[in-house]
Amino acid sequence: MYQKYYSQFLLAPSGAPSSMLHMACHSHHYWPDVTLDAVQQYWRESATLADDKWGPIFEEKIPAWQRAVARTLNLPDADRIAIAPNTHELVYRLLSAFDPSRPLCILTTDGEFYSFARQLHRLEEEPNVEVTRIATEPYATLAERFEQELHRGDYQLAYASLVFFDSGVVFPRLLEIAEGKPKRTEFVIDGYHAFFARPVDLGAVADKVFFTAGSYKYLGAGEGMCFMSIPANCSLRPLNTGWFAELAELENRADRVGFADNWLRFAGATMDYSPLYKGLAVFDLFEREGITVEKIHNYVLAAQERFLRTMDTAAHPLLNRDNLIQHDLQNGHGHFFTFRCGTAAQSEQLQQELRSRGVLCDRRQQLLRLGFAIYHKADENYRQVFG
Ligand SMILES: Cc1ncc(COP(=O)(O)O)c(C=O)c1O
């Protein structure tokens, strides 16, 4: 029922349905057809308006994107949503706001995405930085262990994913933990695997946390458009600051660099805005067609149930309940399943086997990930996966 929005990917040039089953959608979603016109519109406006395109971009398009993100996450203040081509830039800008001459203690988990994990390893080489990583497993006690440590230690920064990229498991009670955080701790939620997949209501924590995500995954608008919501009354002064931050009405300080009390505090510099046009086109499409995150999530939950039913009868040596990483499959999971394959070689072999059956998926070492999307057929039974 949703396939009609993705005809360029799901139909062969003859118009016949493609036999490929795209299950790498947690890595990146197919882009709905409307994004093609959006890219062309960006090109046309760049060609015809030249420098005059910047007015509409800053006065209309960016605010429209911020409002759409705010609506999706129930954020009260769209003007506090900073944008950048990737989340790494935003997170690193935030990290640069901590005084390098003072101790920086960071609490996180051992399940964070490479972008942050690698950066932390490098930062740890500095004498002032100390990192505590809470093991994500067992997931059943993660919330309790993380929360206890958050209040026990003296952390300037806490950072955790809402849905873990390696397992698809939701961090239990993360929003509640963030709401009760100590005042001294800045709190970042990496929401990339939740944004536009699971319904997320940040209403109660919006004034306290940073929340990062982007358009590449579940929104289906391609790479290049990420965001970070900023808590209320943020007075951090990033050392890494770009000239776009200058566009604000700055605090009137002659002696030092000024910062705005809105998203421009975390602004960088010139970027390509075609992903902004694509993102807006997707938001418009879903709004026009009444496709909400709740509907998307329910569609995927039903798909996951059909997958599990087929799997339970298939007796596959690797794709089975024993190897599936799970914690509360019904309520506590993102839009992909991860299977432990024993070794990286085995998962690579399985990935190739699936590819030969027309199933596209991805893997991280021994972990094989299979994702679900609204462009899968409403009655898809996933038999193609099991051979
Ligand atoms: C949990 C998570 N956060 C962030 C990212 C993307 O990071 P970046 O925008 O820095 O490339 C990914 C990408 O796969 C991810 O899985």
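A residue counts as near a molecule if its C-beta atom, placed from the backbone, lies within 6 Å of it. Keep that cut-off in mind for the ligand stop. The model on screen is predicted.

**Stop 1: the whole chain.** Show the cartoon. The chain has 11 helices and 12 strands. Its radius of gyration is 22 Å, close to the 21 Å that the globule rule gives for 387 residues, so the chain is as compact as a globular protein of that length. Turn to the principal axes: along them, the C-alpha atoms fill a box of roughly 70 × 55 × 35 Å.

**Stop 2: the ligand.** Select the ligand, then the residues around it. Begin with Asn 86, Thr 87 and His 88, then add Phe 113 and Ser 115. Next come Ser 161 and Phe 165. Complete the selection with Asp 190, Tyr 192, His 193, Gly 214 and Cys 226. Now colour by class: this shell has 4 nonpolar, 7 polar and 1 charged residues.

**Stop 3: a helix pair.** Select H3 (residues 54-73) and H8 (residues 274-288). Their axes come within 10 Å and cross at roughly 45°. H3 is therefore oblique to H8. The crossing of the two helices is left-handed.

Which residues make the contact? Show side chains on both helices. From H3, pick Lys 61, Ile 62, Ala 64, Trp 65 and Ala 68. From H8, pick Leu 276, Gly 279, Leu 280 and Phe 283. Keep the class colours on. The contact of H3 with H8 has 7 nonpolar, 1 polar and 1 charged residues.

Terms used: Residues are numbered from 1 along each chain as its sequence is written. This is a predicted model: local features need pLDDT of at least 70, side-chain atom pairs count only at pLDDT 80 or more; totals for chains, interfaces and linings use all residues. Ala, Val, Leu, Ile, Met, Phe, Trp, Tyr, Cys and Pro count as nonpolar, Asp, Glu, Lys and Arg as charged, and the others, Gly among them, as polar. Axes are lines fitted to C-alpha atoms, for helices over the stretch in contact, and angles run from 0 to 180 degrees between N-to-C directions. Helices (H or I, at least four residues) and strands (E, at least two) are DSSP runs, numbered from the N terminus. Angles under 35 degrees count as roughly parallel, over 145 as roughly antiparallel, 65 to 115 as roughly perpendicular and the rest as oblique. A crossing is left-handed if the near helix is turned anticlockwise from the far one by less than a right angle, and right-handed if clockwise. Two residues are in contact if their C-beta atoms, placed from the backbone, lie within 7 Å. The radius of gyration is taken over C-alpha atoms; the globule rule is 2.2 Å times the number of residues to the power 0.38.
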